[in-house]
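Thanks for coming, everyone. Please have the sequence and the structure open while I talk, and stop me if a term is unclear.

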Amino acid sequence: MNFVEELRWRGMLHDIMPGTEELLNKGMAAGYIGFDPTADSLHVGHLTQIMTLIHFQQAGHKPYALVGGATGMVGDPSGKSAERNLLSEDILQHNLQAMQKQLEKFLNFDRGDNSAEMVNNYDWFKDFSFLEFIRDVGKHITVNYMMSKDSVKNRLNGDTGMSFTEFCYQLVQGYDFYYLWKHKNCVLQMGGSDQWGNIVTGTELIRRKDGGEAFALTTQLIKKADGTKFGKTESGAIWLDPEKTSPYQFYQFWLNTSDSDAKGWIRIFTLFEKEAIEAIEAEHAAAPHTRALQKALAKDITIRVHSEAEYEKAIKSSEFLFGNTGIEFLSELNDTEIIGLFDGVPNFTINAADLQNGINATDLLAAHTQVFPSKGEAKKMITGGGVAINKQKINTADDIYTTDSLINNKFLVAQKGKKNYFLIVVE
């Protein structure tokens with residue numbers, strides 16, 4: 001397998017340093033990608049780089065996942081990002097352990113010579129004094145070089161220059177590449193196209209400090225056709241951790257992809273061969289309403305991130321909300337999964353003590369909650385047979401509900417008509 005050609009036909013390749021493809025075609029090489037440990041989970045925004053490492057390893061090369069334990073302690077050097085706050089060592093260690101568990105789902109850490117490895121730049125920076133850093137690293141990369149490299153970005157951002165912290169931060173990233181080149185024989189750094197400048201700083205440091213040669217490759221930044229940010233919803237980021245984003249929500253994110261996005265994303269985020277993708281595209285083109293592209297994409301990536309069992313559960317969840325699956329299905333879900341299933345649905349909280357002695361349907365839906373704006377409207381729709389609790393039609397406005405009615409001892413599910421759901425959480 002030709003790694004660069006694989007990225008090329010999948011539409012992932014953005015930039016590549018001359019000589020890189022020739023180097024990789026000679027035999028096994030080591031390369032790395034850096035990940036920011038700002039949370040205890042990766043999210044779908046990381047998946048492009050994870051897929052890059054997967055293809056790298058499948059092509060017979062050795063992948064390194066570098067987590068920035070040291071740089072995570074700096075936070076965002078520009079001070080502009082609320083998502084890259086300064087983190088303590090304890091939080092960072094927790095985040096790193098969680099990230100490694102997730103990466104182990106994608107990369108093979110027990111594959112002989114080209115086993116994946118995870119490295120933490122804190123390990124080589126923790127005893128590196130500032131004076132040593134300036135002496136051994138800083139003198140090799142000038143401020144003029146760094147400023148010229150970032151001049152276009154600076155002008156676009158309206159900045160007049162680079163802060164000292166930003167300068168040091170980029171030197172640190174460059175030194176990461178040097179360290180891995182020196183100690184791990186790592187000759188290639190990969191990343192998103194916005195990282196090209198940082199990567200080239202590393203290759204330049206290797207050349208100036210030790211007269212060595214290293215290479216660079218970047219991938220396309222993923223954008224949505226409608227201009228909105230990839231990997232974000234109204235609820236926030238789509239995480240790989242099922243406690244942060246339920247498998248159902250994760251599945252729905254991919255299932256709701258537009259046709260134009262799905263056509264590109266099925267190449268980037270699945271391991272399907274070209275012929276298989278073209279067959280799915282043909283099926284989709286023949287009957288777009290069946291959403292063959294979206295279903296194939298959502299199924300493949302949900303199984304690989306979570307499991308086949310979680311994928312099947314996501315399908316059942318969809319059938320529960322939009323089909324005829326009974327309320328007993330919810331007993332198969334934990335509390336987090338139930339809340340995730342009803343994400344975006346109006347929800348209300350009532351006290352368990354109020355439900356202990358029983359609440360009639362009208363009070364439940366129009367006094368203790370606001371499923372209806374008034375008792376009169378609640379009674380009218382109940383009388384018309386259009387309201388259900390736990391998928392059972394309410395017979396009269398005086399039907400009584402108690403704690404015995406709860407699902408998983410915590411939830412009630414109200415419906416107005418077939419598709420308007422309301423989640424009632426009892427605490």
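Let me begin with Ala414, whose bridge partner in strand E15 is Phe422. Before going further, I should say that this is a predicted model, in which local features need pLDDT of at least 70 and side-chain atom pairs count only at pLDDT 80 or more, while totals for chains, interfaces and linings use all residues. Residues are numbered from 1 along each chain as its sequence is written, and side-chain values use heavy atoms, with hydrogens and water left out.

Strands E14 and E15 run antiparallel and are joined by six bridges, where strands (E, at least two residues) and helices (H or I, at least four) are DSSP runs numbered from the N terminus, and two strands count as paired if DSSP finds at least two bridges between them. In the hairpin that these two strands form, three residues lie between the strands, and Gly417 takes a positive phi near 70°.

On another pairing, strand E11 (residues 387-389) meets E14 (residues 411-416) in the antiparallel sense over three bridges. Here Val387 stands opposite Lys416, and Ala388 has Gln415 as its bridge partner.

Putting the strands together, we have an open sheet of five strands in the order E9-E15-E14-E11-E12, with mixed pairing. Why is one side of E9 and of E12 left without a neighbour in the sheet? Strand E9 (347-350) and strand E12 (392-393) stand at the edges and each has a single partner strand, so one side of each has no neighbour there.

How many of the six residues of E14 are buried? Six of the six are buried, so E14 is largely enclosed by the rest of the structure; buried means under 20% relative accessible area, exposed means over 50%, and partly exposed is in between, with a 1.4 Å probe and protein chains only. In a regular strand the side chains alternate between the two faces of the sheet. In E14, Phe411, Val413 and Gln415 on one side and Leu412, Ala414 and Lys416 on the other are all buried, which leaves both faces covered.

Now to the cores, by which I mean sets of buried Ala, Val, Leu, Ile, Met, Phe, Trp, Tyr and Cys residues joined through side-chain atoms within 4.5 Å. The largest nonpolar core has 85 residues, and those with the most contacts inside it are Trp254 and Phe269. A second, separate core has 23 residues, among them Leu355, Ala361, Ala378 and Ala414.

Phe269 also appears where two helices meet, since it is one of the residues of helix H13 that face H15, and the residues of H15 on the other side include Leu297, Asp300, Ile301 and Arg304. Helix H13 (residues 259-269) packs against H15 at an angle of about 35°, with the axes 9 Å apart; axes are lines fitted to C-alpha atoms, for helices over the stretch in contact, and angles run from 0 to 180 degrees between N-to-C directions.

Strand E15 (420-426) comes back once more, because helix H16 has buried residues whose cover includes this strand together with helices H12 (247-255), H15 (292-305) and H17 (335-341). Those buried residues are Tyr311, Lys313, Ala314, Ser317, Ser318, Phe320 and Leu321.To close on the whole protein, its secondary structure comes to 20 helices and 15 strands, and of its 427 residues 52% count as buried.

Technical notes
Contact means heavy atoms within 4.5 Å.
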